[in-house]
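I am opening my notebook to look around a new structure, one topic at a time. Come along and check each entry against the picture.

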Amino acid sequence: MIRVALPQHLRTLAGVDGEVRLDLQGPSTQRTVLDALETTYPVLRGTIRDHGGGERRAFIRFFACGRDLSLEPADDPLPDEVASGAEVFRVVGAMAGG
Amino acid sequence: MSGVRLLVGTRKGAFVLTSEGSRDEWDVDGPFFAGWEIYHVNASPADPDRLYASQTSGWFGQVVQRSDDGGKTWEPVGNEFVYDGIPGTHQWYDGTQHPWEFARVWHFEPSPDDPDTIFAGVEDAALFRSVDGGHSWEELSGLRGHRTGEQWQPGAGGLCLHTILIDPDEPERMVVAISAAGAFRTDDGGETWRPINRGLRSQELPDEDREVGHCVHRIAMHPSRPDVLFMQKHWDVMRSDDRGDSWHEVSDNLPSDFGFPIAVHAHEPETIYVVPIKSDSEHVPPDGKLRVYRSTTGGNEWEPLTQGLPQSHCYVNVLRDSMSVDGLDPCGVYFGTTGGQVYGSADAGDSWTAIVRDLPAVLSVEAQTLP
């Protein structure tokens, strides 16, 4: 079971409170987590990753276990603590502007 | 009793303002989609309860919201806007070529007779259509594929397709406008397009007869006379009597012919409204006075409309999609400002009141006449 924390606007859009919990079949990677998230909440398609190529949107970042995973390859395994549900995979709207 | 519904898009959400036909008391609902930029909300002429809203964010991209109950409840529909084929490039600010990239929907134009058919004008400039109530979108790529497409260059707000006019007599004929490419017309339902910019003069262009490159801010049309078009250009208020084949200037005695919106009276096709703005470098009303100007002669002779509008220390802007008219008699005229006011006139502009004063910056206003 993977725990995912979404920024407020995406929680509102998806109609969820608090963390999202996803059951994954197979390896836990950024791609499989986001695929499962978008399958469960289709309204999130295009809001975290672009349609088509699936590139992370410029002002979205991924954090877990105190690390910025945003630039890690999408198919690399996530940390064991994320895969086990001990740690949360955080989707973050980057601070921008002023 | 008939009424009016104002669909207001702002920098921080959408608002729905509703009044009975007297238009003297308004209910304010919202914000819907709080915190998101709502570029435009528009209603289907065929089903007044069918609304579409463009919800956008620099972080989270584009969401399209649809309501089937006049804005009480909403559901997200399709947000996949994919350019047809290999997108190619257009001209960037510095003159280099830049890949076509979807950013947001600026304007929705529902079909006059089918609530499930709707056109979307987007940035980077392209025209999309949905025939399933917004669930899926396809590009009418004949526009972007025009031989001049590589020459199109963004205005300060982006390379946006912001105006879509459908000829009520011949729905295969449509006019669109793009900043800063100009105006284009199709006579075959969007398959092929041609620039309609003859007569426009843009001092920034060395070639004054240039086919494209004109910063058209808004075009308006009265449904009873689709051959006549009125344009607020970056500078200049223009008129065409031949569906855009040629244009001539009708600015005359305006205090400034720079501005963004232009609208036509619902029952008098020669009565038009603009909001003069001082200049493209300041984007505020001249002399700190917020004045709507009305011409009842189709241009050239303009009168200021000031009653109820601030006539000192006013430095708001009125954006291109932020003015609209209702279909009641007398005609109601409405506009929103970047200061968050929505002003309304129930007497065709003679007098104004602030319906709301402190919304987020207003991006768009659509007036819907309710049965």
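**Starting with a glutamine**

I looked up A:Gln25 and found it exposed, because just 6 other C-beta atoms lie within 10 Å and a residue counts as exposed at 12 or fewer. A word of caution for both of us: this is a predicted model. I then asked where A:Gln25 sits along the chain, and found it in the loop between β2 (20–22) and α2 (30–40) of chain A. I also checked its distance to A:Ala36: the two are eleven residues apart in sequence, and their C-alpha atoms are 9.4 Å apart in space.

**A cysteine and an aspartate with positive phi**

Next I went through the backbone angles. A:Cys65 caught my eye, since its phi is positive, about 55°, although this residue is not a glycine. I found A:Cys65 in the loop between β3 (60–64) and β4 (67–68) of chain A. Is A:Cys65 buried or exposed? My note says partly exposed, because 15 other C-beta atoms lie within 10 Å, and partly exposed is the class between 12 or fewer and 20 or more.

In chain B I stopped at B:Asp252, which is not a glycine either and has a positive phi of about 40°. B:Asp252 belongs to the loop between β21 (248–249) and β22 (262–264) of chain B. I counted B:Asp252 as partly exposed because it has 13 C-beta neighbours inside 10 Å.

**Cis peptide bonds**

I looked for cis peptide bonds in chain B and wrote down one between B:Gly30 and B:Pro31, with omega about 0°. B:Pro31 is part of strand β3 (residues 27–32) of chain B. Another cis bond joins B:Ser179 to B:Ala180, again with omega about 0°. I placed B:Ala180 in the loop between β15 (174–179) and β16 (182–186) of chain B.

**Chain B as a whole**

How many helices and strands does chain B have? I noted zero helices and 30 strands. Its C-alpha trace spans about 50 × 45 × 40 Å along the principal axes. I compared chain B with a compact globule: with 371 residues, such a globule would have a radius of gyration near 21 Å, and the 19 Å of chain B agrees. Buried residues make up 53% of the 371 residues. I also looked at contacts in chain B with a separation of 6 or more, and 50% of them link residues 24 or more positions apart.

**One sheet in chain B**

I traced an open sheet of four strands in chain B, in the order β22-β23-β24-β25, with antiparallel pairing. Its edge strands are β22 and β25 (303–305), each pairing on one side only. From one strand to the next, the twist averages 30°. I zoomed in on strand β24 (residues 292–295) of chain B, which is joined to the antiparallel β25(B) by three bridges. Which residue in β25(B) is the bridge partner of B:Tyr293? I found B:Pro304 there.

**Where the chains meet**

Last, I turned to the contacts between the chains: 13 residues of chain B are in contact with twelve residues of chain A. On the chain B side, strand β6 (residues 61–67) gives the largest share, three residues. I sorted that side of chain B by residue type and got six nonpolar, six polar and one charged.

Conventions. Residues numbered from 1 in each chain as written. Chains lettered and ligands numbered in written order. Predicted model: local features only at pLDDT ≥ 70, side-chain atom pairs only at ≥ 80, totals over all residues. Contact = placed C-beta atoms within 7 Å. Helix = DSSP H or I, 4+ residues; strand = E, 2+ residues; numbered from the N terminus. Nonpolar A, V, L, I, M, F, W, Y, C, P; charged D, E, K, R; others polar. Rg over C-alpha atoms; globule rule 2.2 N^0.38 Å. Pairing = 2+ DSSP bridges. Axes fitted to C-alpha atoms, helices over the stretch in contact; angles between N-to-C directions.
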